[in-house]
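User: Please take a close look at one helix-to-helix contact in this model. I should like to know which residues meet there and how the two helices are arranged.

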Amino acid sequence: MGRSDGLLLGFLFAVWGLGLGFLALPAAGRFVVEKNSLMVTSPSEIRGKHDSAIGNFGIPQYGGSMAGTVVYPKTNNYACKEFSASDLFKPKPGALPNFLLIDRGECLFAKKVWNAQNAGASAVLVVDDKDEPLITMDLPREDDEAAKYIQNITIPSALIDKNFGEKLKKAVRSGEMVNVNLDWREAVPHPDDRVEYELWTNSNDECGPKCNMLMDFIKEFKGAAQLLEKGGYSQFTPHYITWYCPQPFIFSKQCKSQCINHGRYCAPDPEQDFSTGYEGKDVVVENLRQLCVFKVANESKKPWIWWDYVTDFHIRCPMKEKRYNKECADAVIKSLGLDVKKIEKCMGDTNADSENPILKMEQDAQVGKGSRGDVTILPTLIVNNRQYRGKLEKKAVLKATCAGFEETTEPAVCLSDDIQTNECLDNNGGCWQDIASNFTACKDTFRGRVCECPVVDGVRFKGDGYSHCEAIGPGRCRINNGGCWQETREGKTISACQDAGDSKCKCPTGFKGNGTKTCEDIDECKEKTACQCLECSCKNTWGSYECTCSDGLLYMREQDICISDSASMAKATWIAFWVILILSAFAALGAYIVYKYRLRSYMDSEIRAIMAQYMPLDSQGEVPNHTHEEDRV
């Protein structure tokens, strides 16, 4: 059929006969184990970085990290039984989370993690029982028992190699405090500001809990996926796994009912019963239709319509209601505004003895490339060519998708409450907190919690975010009084907070103290810093003092003196006014008399001098002539 074994993946095909079945052999394939870094920080003897294989269930903290203390149980080392108490491994307030170290074997991986989670563990490290390369702890075959807990596992888990696990157990048994850090920040590459991811899915809705989980995820994730796609932040591609029928069985009843294009593209019977219900080839045809819906929608620059079609088809065309057919599918396609004829042309002839180019590309894409392994499991999510491990639910997948962005380029949907890690709910994330005002420096992000001093009502806090944050700048006194001392007595409130200046707490005038916790009233009367005039009597009050003067005098605080009351002051003022006025009049009169006297004396001397020039007197000496002196000058 023109295929090489290197292009075939996983299990090729399952055929079930009447009471007798056979399974085709797996072809050559390549399985890549997704790893995260496990760093031992103490004790120093085993300090260092180690690989661990991410479990394919639970919720790994993609994009973030988790620190914890390793605990090894004294009994129930395999964790195959329920532990004695629900809080046996729950950390005490203020302590690091507990990572439960358990041994591999005796029961399913998922059951071990489920029992550890129910006992309060925050994460699980499974020690391998063989010296071998790490493998992925996968989901078990879902039965009634497994279905009860698989979808409820929320803690991360990882497999570690035997040698490293024995060192951890030895350190714990010797009483050492073993602190480790699980780091998922490099589990998903984040080279740029766009994430490329793909989902390997199936249109079959009768395959039990796994199909129900897949459809529930698609419905929940649709909104976020469309936001990422419409904003140009992501490139999504859906894929569908198909198998081919082995050559000897192409014309068998089983292959004819489960394959199209003469055994080239097949899917297992939905009910695993050839005598009733839908056939495997019906599933392959609908898978092909959904691929063509994506192709046509992508050509019209609206690839996100695929999410609408798949969810609408699942709701409107379920197998249980016998509506899983072309007529129902066409109705959904028309309701979304897509061209039915273009989609039919894309699908081609499913009865032709030839390759279908769309499905052939899907089979080729199943082969792993680069850091991505072969796709053999449904459903499988690939983010930036790295296979996602963990629970397939909106919050976990969105966190893994957002971890694929280069830091600081994440879109708004990645910073929403939908994917908060909620680490701040546990002991406030170890960050600063003002319990009285309910302010915290802890902030949940998809990469984990960060401790950053907050901005509250326009007031900025400054500090390290872990042990200290203080309000700074204008308005700081509105927020818990700026962390300063404040007290109210008899309706009077006094504060040590100052909006202006260096934002330090300073006790106001009349108080002494550090301004933060205490400000004590100063007794100005006792310390003789006020009311020191002779006529004054001093009385201390809270934050101030009162000074009274004897004989009805008035106290002037700034000058610290006593003066008369207002009536006496007015009378004294008028007296002073008239005294000054009279004195001024006398002074003016005296000045006038002096002026007149000097002027007359001068005039007399001038007249006598003139007369002496014309009528000299024998008895009078020579009178100086001022005029001649002036001329000489």
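Analyst: Phe217, Glu220, Phe221, Ala224 and Leu228 in helix 4 meet Lys394, Val397, Leu398 and Thr401 in helix 11, where contact means heavy atoms within 4.5 Å. These residues divide into six nonpolar, one polar and two charged; Ala, Val, Leu, Ile, Met, Phe, Trp, Tyr, Cys and Pro count as nonpolar, Asp, Glu, Lys and Arg as charged, and the others, Gly among them, as polar.

The model is predicted: local features need pLDDT of at least 70, side-chain atom pairs count only at pLDDT 80 or more, and totals for chains, interfaces and linings use all residues. Residues are numbered from 1 along each chain as its sequence is written, and side-chain values use heavy atoms, with hydrogens and water left out.

Helix 4 spans residues 209–230 and helix 11 residues 394–402; helices are DSSP runs (H or I, at least four residues), numbered from the N terminus. Their axes lie 9 Å apart, and the packing angle is about 30°. Axes are lines fitted to C-alpha atoms over the stretch in contact, and angles run from 0 to 180 degrees between N-to-C directions. Helix 4 is therefore roughly parallel to helix 11, a term for angles under 35 degrees. The crossing of helix 4 with helix 11 is right-handed, that is, the near helix is turned clockwise from the far one by less than a right angle.

Elsewhere, the whole structure holds 13 salt bridges, each a side-chain nitrogen of Lys or Arg within 4 Å of a carboxyl oxygen of Asp or Glu. One of them joins Asp128 and Arg104 at 2.8 Å, N to O.

Technical notes:
Helices (H or I, at least four residues) and strands (E, at least two) are DSSP runs, numbered from the N terminus. Angles under 35 degrees count as roughly parallel, over 145 as roughly antiparallel, 65 to 115 as roughly perpendicular and the rest as oblique.
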